[in-house]
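I opened this notebook to record what I looked up, entry by entry. The chains come before the details.

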Amino acid sequence: MQIIFEKRESVSRQAVILVPIVSFLVSLLFGAILLALSGANPFITYGAMFSGAFGTWNRFTETLVKAIPLMLTGLGVSIAFRMRFWNIGAEGQLTLGGVAAAGVALYLSQGLPGWLVLLLCILAGCIAGAIWAGVPAILKAYLKVDETLTTLMLNYVAILFSEQLYYVSWRAPGYNSGTAPFPETAWLPRIAGRAHIGLFFAIILAGILWFVFNRTRWGFELKIIGENQTAARYLGIDIERNIVLAILLSGAISGLAGASEVLGIARRLQQGLSVGYGYTAIIVAWMAQLNPIVILFVGILMAALLVGGDQIQMKMRLPAAVGLVLQGMILIPMLAGSIFTEYHIRIIRPQKTGVEAEA
Amino acid sequence: MTEFSALLTSILTITLQAGTSLTYATLGEIYTERSGVLNLGLEGMMLLGAVTAFATSYYTDNPWLAVLVAIIVGGLLATVHAFLTVTMRANQVVSGLSITLFGTGMANFLGQRLGPPEYGGNLVGLVAESFRPTPIPFLSGIPVLGALFKQDILTYGLYILIPLAWYYLYKTRNGLNLRAVGEDPQTADAMGINVFQVRYLYTIFGGMLVGLGGAHLSLAYAPGWTENITGGRGWIVIALVIFAMWNPARAILGAILFGGINAVQFRLQAAGTTFPAAVLNMLPYLLTIIVLVIMTWWEALSKRVGAPAALSKAYMREDK
């Protein structure tokens with residue numbers, strides 16, 4: 001018996017939709033087995049996670065609170081992933097975006113008109129995120145330095161830098177850690193509960209990115225670079241410049257995520273800014289198959305797993321990490337399933353005549 | 001003078017302690033990458049190795065059994081990676097990332113679930129049987145270098161494993177086959193080497209060493225379990241492989257360098273310097289980037305660095 005893979009001419013539409021859904025179900029099944037083995041009832045646990053994330057209006061707004069940074073960083077890394085630039089530095093870009101927004105809010109906001117303060121804070125966050133992604137982008141584009149490592153290492157640098165600020169340099173007198181609260185002019189308006197207008201940023205950006213990827217020449221160029229660099233060069237596309245520009249945008253969006261987080265939620269720089277959104281963003285982007293609109297919904301799903309995980313920790317004394325396990329598990333069947341979107345699979349049985357069926 | 005040699009001894013000791021887990025994982029990843037498979041799942045594999053090893057030692061009082069469990073856990077996760085990338089031809093970068101994300105979540109879950117019920121299942125703060133330094137008589141008495149022989153048994157294991165790993169890769173038929181698969185799978189296949197089998201074999205073998213590296217953290221270097229006990233070591237290893245230029249004999253160099261930074265940091269903090277700790281803590285990560293830039297630049301110049309040519313490319317037989 002022989003199994004043959006034939007590359008499809010175009011990706012299978014059915015598989016594109018089915019694979020992520022089946023993967024999520026497989027992940028739930030795996031989680032259920034794990035929960036059962038550790039002595040918890042999986043149905044009750046999942047039920048509690050679901051009602052913990054969506055059960056009441058309040059809880060739903062909390063799910064949105066966590067979904068906003070996941071949507072934004074998911075959108076950010078999806079731009080990079082389209083070009084096969086493995087930006088796994090969204091966490092650091094988010095952290096630095098938050099730091100920059102906090103810096104402006106705390107130290108540069110005096111005497112400025114109110115509307116300008118918030119705008120400057122957000123802009124600072126975007127620029128900081130862009131710079132933090134730009135360094136690996138330039139190293140990659142012009143020196144061919146592997147971006148997986150540079151983006152990741154810069155996460156640790158950014159997080160340590162932010163800790164230095166809120167534990168030491170910017171610490172407000174009278175606090176063990178954390179800066180002074182921001183002036184009210186730097187507060188990002190909230191929509192419902194703690195959910196803030198970062199949600200609108202995410203929705204608008206998703207729409208813009210969808211348009212750019214599908215309807216503009218630049219989107220087309222990025223797509224070609226991701227699929228086939230040789231072809232891109234023959235078409236006269238400036239690969240280096242495009243990589244740097246796209247990654248600057250990618251970092252800016254993650255920086256925006258960090259800025260909205262500090263300006264909309266804590267409204268001061270403190271511990272808890274870097275909680276792994278930048279890593280979960282990779283799952284969000286990949287599960288959504290880099291489609292910006294789908295990223296919004298996957299962002300809510302992943303946020304629900306986090307909020308649901310917290311709820312079962314509080315109510316059932318089960319580890320909140322259940323949510324992380326489910327998140328981490330999703331990609332594995334998805335990757336195995338991606339073969340169905342890109343290949344036809346044929347099974348050839350050897351003939352009884354004894355002729356070797358050698359392909 | 002004696003004070004200076006005491007300082008050197010202490011730096012060397014801490015360097016080796018900090019470098020052991022890095023070196024095991026580096027050796028493992030060198031073998032994996034030599035077969036043409038890039039595994040970015042090390043961080044998750046080390047974490048899961050560390051937590052399972054610690055739990056095993058806690059319940060059985062047998063650190064050897066604990067090491068074995070970590071080796072098996074590392075091998076199992078690597079099998080998943082091999083299945084996804086070799087059989088299912090998934091993207092190696094994304095597959096490795098998913099292993100890391102899964103391993104991290106799973107390690108955190110187990111860390112809160114494997115512990116005794118009276119602690120609510122939590123493993124944090126418990127004490128288990130660990131590997132203590134066992135000085136070798138006579139050799140450990142040598143000034144400064146005696147520090148090499150005042151280590152735990154897993155560190156001694158490296159002194160044997162490194163030459164063996166080098167010999168196997170460069171001086172044996174199997175090692176030649178392995179290198180051939182990583183350089184040019186098409187030709188290796190034509191020579192009658194089973195590319196898929198070789199990639200599975202060394203990805204799993206590599207994973208086992210990575211799991212062992214994780215076990216050293218929770219059983220010897222920092223006995224106990226804390227969430228994120230690896231602190232990014234799994235990622236630093238990816239850089240150390242490049243630093244070692246895929247040569248097992250040089251695997252120790254990077255570990256010494258990075259372990260050394262840990263040691264110096266430790267000394268400086270003990271001496272109570274006013275130098276901000278954050279800057280020191282950033283050093284290993286910044287240094288990784290600098291090393292990477294230099295190595296990449298050097299490779300472009302001389303082509304002698306030796307990244308396996310087929311690294312991170314899926315092999316498809318029909319493409320012949």
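**Entry 1. Chain A as a whole.** I looked up burial and found that 50% of the 359 residues of chain A count as buried. I note that this is a predicted model. I recorded 13 helices and four strands in chain A. For the overall extent, I read a box of roughly 90 × 60 × 35 Å, taken along the principal axes, for the C-alpha atoms of chain A. I then compared the radius of gyration with the globule rule: a compact globule of 359 residues would have a value near 21 Å, and chain A has 23 Å, which agrees. I also looked at contacts in chain A with a separation of 6 or more, and residues 24 or more positions apart account for 79% of them.

**Entry 2. Chain B as a whole.** I turned to chain B and found 11 helices and zero strands. Read from the N terminus on, the elements of chain B run α-α-α-α-α-α-α-α-α-α-α. The C-alpha trace of chain B spans about 60 × 50 × 40 Å along its principal axes. I applied the globule rule here too: for 320 residues it puts a compact globule near 20 Å, and the radius of gyration of chain B is 20 Å, which agrees. Buried residues make up 51% of the 320 residues in chain B. Of the contacts in chain B between residues at least 6 apart in sequence, I noted that 77% join residues at least 24 apart.

**Entry 3. Confidence.** I looked up the scores of the prediction. Chain B averages a pLDDT of 88, and 96% of its residues score at least 70. For the complex, the predictor gives an ipTM of 0.85 and a pTM of 0.88. I keep one caution in mind: where pLDDT is low, the predicted coordinates should not be read in detail.

**Entry 4. Where the chains meet.** How many residues does the contact take from chain A and from chain B? I found 41 residues from chain A and 39 residues from chain B. On the side of chain A that touches chain B, at least two residues each come from β1 (2-7), α5 (114-143), α6 (147-169), α11 (277-287) and α13 (321-342) of chain A. The largest share of that side, 13 residues, comes from α13(A). I sorted the residues of this side of chain A by character and obtained 30 nonpolar, seven polar and four charged.

**Entry 5. Helix α11(A).** I looked up the burial of α11(A) and found the helix mostly covered, with 11 of its 11 residues buried. Among these buried residues of α11(A) are Y277(A), Y279(A), I282(A), W286(A) and M287(A). Just after α11(A), Q289(A) takes a positive phi of about 50 degrees.

**Entry 6. Helix α7(A).** I checked the length of helix α7 (residues 198-215) of chain A: at 1.5 Å a residue, its 18 residues should span 26 Å, and the end C-alpha atoms are 25 Å apart, which agrees. Which residues of α7(A) are buried? I listed G198(A), L199(A), F201(A), A202(A), L205(A), A206(A) and L209(A). These buried residues lie on the same side of α7(A), because they cover an arc of only 145 degrees around the axis. I recalled that an α-helix has 3.6 residues a turn, so residues three or four places apart point the same way. What covers the buried residues of α7(A) includes α3 (57-82), β2, β3 (195-196), α10 (239-266) and α12 (292-316) of chain A. On the face of α7(A) turned away from its buried side, I found the exposed residues F200(A), I204(A), I208(A), F211(A), N214(A) and R215(A).

**Entry 7. A proline in a loop of chain A.** I located P181(A) in the loop between α6 and β2 (190-192) of chain A. Is P181(A) buried or partly exposed? I counted P181(A) as partly exposed, because it has 15 C-beta neighbours inside 10 Å, whereas 20 or more would make a residue buried. Leaving out residues up to four places away in sequence, P181(A) touches R267(A) and R268(A). The C-alpha atoms of P181(A) and L269(A) are separated by 7.9 Å, although the two residues are 88 residues apart along the chain.

**Entry 8. Two positive phi values in chain B.** I looked up N228(B), which is not a glycine and has a positive phi of about 60 degrees. N228(B) lies in the loop between α8 (195-221) and α9 (233-243) of chain B. With 12 C-beta neighbours inside 10 Å, N228(B) counts as exposed. I then looked up W246(B), a residue other than glycine whose phi is positive and near 60 degrees. W246(B) is found in the loop between α9 and α10 (251-270) of chain B. I noted W246(B) as buried, because it has 22 C-beta neighbours inside 10 Å.

How values were computed. Residues are numbered from 1 along each chain as its sequence is written. Chains are lettered from A and ligands numbered from 1 in the order in which they are written. This is a predicted model: local features need pLDDT of at least 70, side-chain atom pairs count only at pLDDT 80 or more; totals for chains, interfaces and linings use all residues. Two residues are in contact if their C-beta atoms, placed from the backbone, lie within 7 Å. Ala, Val, Leu, Ile, Met, Phe, Trp, Tyr, Cys and Pro count as nonpolar, Asp, Glu, Lys and Arg as charged, and the others, Gly among them, as polar. The radius of gyration is taken over C-alpha atoms; the globule rule is 2.2 Å times the number of residues to the power 0.38. pLDDT is the predictor's confidence in each residue, from 0 to 100. The expected span of a helix is 1.5 Å times one less than its number of residues. The arc is that of the directions from the helix axis to the C-beta atoms.
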